[in-house]
Amino acid sequence: MTFDLDRYRVHPGQPLQLATRSTNDDGGIDEEAADEHLDETHQVLHDLQEALYAEGKQSLLLVLQAMDAGGKDSTTEKVFRPLNPQGIR
């Protein structure tokens with residue numbers, strides 16, 4: 001299963017205006033498909049975390065924007081559950 005993730009990428013030097021991003025963007029997929037995709041990518045996330053930690057030169061910033069009670073905590077828990085908490089701040 002593949003998704004068009006390029007619309008979510010922000011490249012170095014590229015300006016970012018969060019106000020232009022939709023707050024209800026679901027990526028065009030339903031919750032069941034998203035859960036299946038996440039299950040498939042947990043190992044990839046784990047491997048990438050190890051590589052970033054081993055290199056010790058780069059970091060990853062993830063921004064979750066939502067109103068209060070918008071699901072940020074549950075999203076963070078679900079996405080980062082399989083990762084080593086020592087490598088996350």
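This briefing covers the overall build, surface patches, salt bridges and one buried residue of the protein shown above. The structure is a predicted model, and the protein in it has two helices and zero strands. Its C-alpha atoms fill a box of roughly 35 × 35 × 30 Å, taken along the principal axes, and buried residues make up 6% of its 89 residues.

**Overall build**

- The two helices are α1, which covers residues 31-55, and α2, which covers residues 72-80, and the loop between them contains L61.
- Among contacts in the protein with a separation of 6 or more, 55% are accounted for by residues 24 or more positions apart.
- The accessible surface of the protein comes to about 8,000 Å², and carbon and sulfur atoms contribute 52% of that area.

**A buried residue in helix α1**

- Q49 is found in helix α1, and this residue counts as buried because its relative accessible area of 13% falls under the 20% limit for that class.
- When neighbours within four places in sequence are left aside, Q49 is in contact with L83, N84, G87 and I88.

**Nonpolar surface patch**

- V10, L16, L18, L61 and V63 form a nonpolar patch on the surface, and together these residues have about 470 Å² of accessible area.
- One of the patch members, L61, lies in the loop between α1 and α2, where its relative accessible area of 74% makes L61 an exposed residue.

**Charge and the negative patch**

- The protein carries 8 positive and 17 negative charges, and the mean positions of these two sets are 9 Å apart.
- D26, D30, E31, E32, E36, D39 and E40 form a negative patch on the surface.
- E31, one of the residues in that patch, is found in helix α1 and counts as exposed at 60% relative accessibility.

**Salt bridges**

- Side chains of opposite charge can pair when their charged atoms come close.
- The count of salt bridges in the model comes to three, and each is described in turn below.
- D6 forms a salt bridge with R9, in which the closest N and O atoms are 2.6 Å apart; D6 counts as exposed at 52% relative accessibility, whereas R9 is partly exposed with a relative accessible area of 41%.
- R7 and D25 meet through their side chains in a salt bridge with an N to O distance of 3.6 Å. Both R7 and D25 lie in the segment before α1, so the pair ties together parts that are 18 residues apart in sequence.
- R7 is partly exposed, with a relative accessible area of 43%, and D25 is also partly exposed, at 39% relative accessibility.
- K78 and D35 meet through their side chains in a salt bridge with an N to O distance of 2.7 Å. This pair links distant parts of the chain, with K78 in helix α2 and D35 in helix α1, 43 residues apart.
- K78 counts as partly exposed at 31% relative accessibility, and D35 is likewise partly exposed, with a relative accessible area of 26%.

Definitions and conventions. Residues numbered from 1 in each chain as written. Predicted model: local features only at pLDDT ≥ 70, side-chain atom pairs only at ≥ 80, totals over all residues. Heavy atoms only, no water. Patch = residues over 30% accessible without salt bridge, like charges linked within 9 Å, V, L, I, M, F, W, Y side chains within 5 Å. Areas by Shrake-Rupley, 256 points an atom, 1.4 Å probe, with all protein chains shown as cover. Salt bridge = Lys/Arg side-chain N within 4 Å of Asp/Glu carboxyl O. Helix = DSSP H or I, 4+ residues; strand = E, 2+ residues; numbered from the N terminus. Buried < 20%, exposed > 50% of the residue type's maximum accessible area, 1.4 Å probe, protein only. Contact = heavy atoms within 4.5 Å. Lys, Arg positive; Asp, Glu negative; His and termini not counted. Charge placed at Lys NZ, Arg CZ, Asp CG, Glu CD.
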